[in-house]
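Subject: Structure handover

Hi,

Here is the structure I promised to pass along. Could you load it before reading on?

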Amino acid sequence: MSEIRHAIKNGEIILEENAVVNVTLSAVQSNFSVYEALRVLKRHVVHLDDHINRLYNSANSIHLPLPVVDWNNEINKLIKKDNIEDCTMRILVVGTDTPTWFITWTKLLTYPDSYYKEGVDVITYNGERFLPQSKTGNLLVNFLSREEAKRNNAFEALLVDRLGKILEGSRSNFYVLKGDTIKTAPDEKVLDGITRISVLRAGRELGYKIDYTSPSPEEIWSSDAIFISSTSMGAMPIRSVDGKKCPFDSDKVAAICSLVRKWECD
């Protein structure tokens with residue numbers, strides 16, 4: 001892995017420090033942008049086609065004219081340039097008059113085994129993402145809720161809508177597992193995460209029914225387990241909500257996570 005980190009801007013390999021935009025542009029000031037975070041394992045991008053499809057869908061939803069790019073080729077250029085084996089990679093398209101796009105990378109985001117065996121602590125936060133099905137740069141509620149989680153020594157914040165239902169996490173999807181059913185918010189109310197698709201597929205293969213109904217906070221306490229998912233997390237169990245211990249069956253969540261991670265290598 002190269003000691004000097006590079007990025008790609010509009011197809012040109014540049015030093016990472018030069019991956020910048022003009023802050024005086026209205027599109028930049030308004031966060032008129034879309035992005036995707038990718039997991040690279042052994043020089044292979046996990047679920048690349050799914051991520052690119054969502055990138056285009058996000059751009060279309062806000063009328064951002066996405067350029068025609070061979071994303072696989074551009075990503076491989078950066079992998080080769082910096083001799084990357086594993087990493088977290090990010091595509092960002094900023095909707096200036098002529099959209100500017102970047103590919104950057106950081107060290108692969110991973111979590112301690114204890115998070116999967118013992119679970120993590122979360123809080124609830126009243127807020128909903130704008131255009132929840134699109135991965136746009138409008139991330140203020142995500143940022144504020146994560147900061148609130150940090151102040152409470154929690155790992156994640158669960159977003160609760162105006163009806164009192166739990167939609168998703170600030171950077172994750174959310175699930176309640178009870179009996180033979182996994183409950184999660186309907187697709188139109190949340191970001192349909194690439195890993196969420198794998199989680200629900202794993203649930204079905206393990207014999208669970210999927211109930212697309214936004215869970216209420218009260219349902220947490222009568223569940224077998226609750227958990228979150230994302231590209232970096234896979235499926236991760238939750239052990240407490242707002243400081244209160246909740247039902248916890250890490251084995252059931254681990255079985256789902258195992259299938260999700262297995263498919264990443266297929």
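Below are my notes on the sheet, one helix and the cysteines.

A word on the source: this is a predicted model, in which local features need pLDDT of at least 70 and side-chain atom pairs count only at pLDDT 80 or more, while totals for chains, interfaces and linings use all residues. Residues are numbered from 1 along each chain as its sequence is written, and side-chain values use heavy atoms, with hydrogens and water left out.

The sheet is open and has six strands, ordered β2-β1-β6-β5-β3-β4 with antiparallel pairing. (Strands are DSSP E runs of at least two residues and helices are H or I runs of at least four, numbered from the N terminus; pairing takes at least two DSSP bridges.) At the edges sit β2 (12-15) and β4 (44-45), each pairing on one side only. Eight antiparallel bridges join β3 (residues 33-41) to β5 (residues 87-94), and L38 stands opposite M89 in β5.

Helix α7 covers residues 250-264; at 1.5 Å a residue its 15 residues should span 21 Å (1.5 Å times one less than the number of residues), and the end C-alpha atoms are indeed 21 Å apart. Its buried residues (under 20% relative accessible area, 1.4 Å probe, protein chains only) include V253, I256, L259 and W263.

As for disulfides (cysteine sulfur atoms within 2.5 Å), the structure holds zero. For C246, the nearest cysteine sulfur is that of C257, 17 Å away. C257 in turn has the sulfur of C265 as its nearest, at 12 Å. C257 counts as buried because its relative accessibility is 10%.

Best wishes

Note on methods:
Buried means under 20% relative accessible area, exposed over 50%, partly exposed in between (1.4 Å probe, protein chains only).
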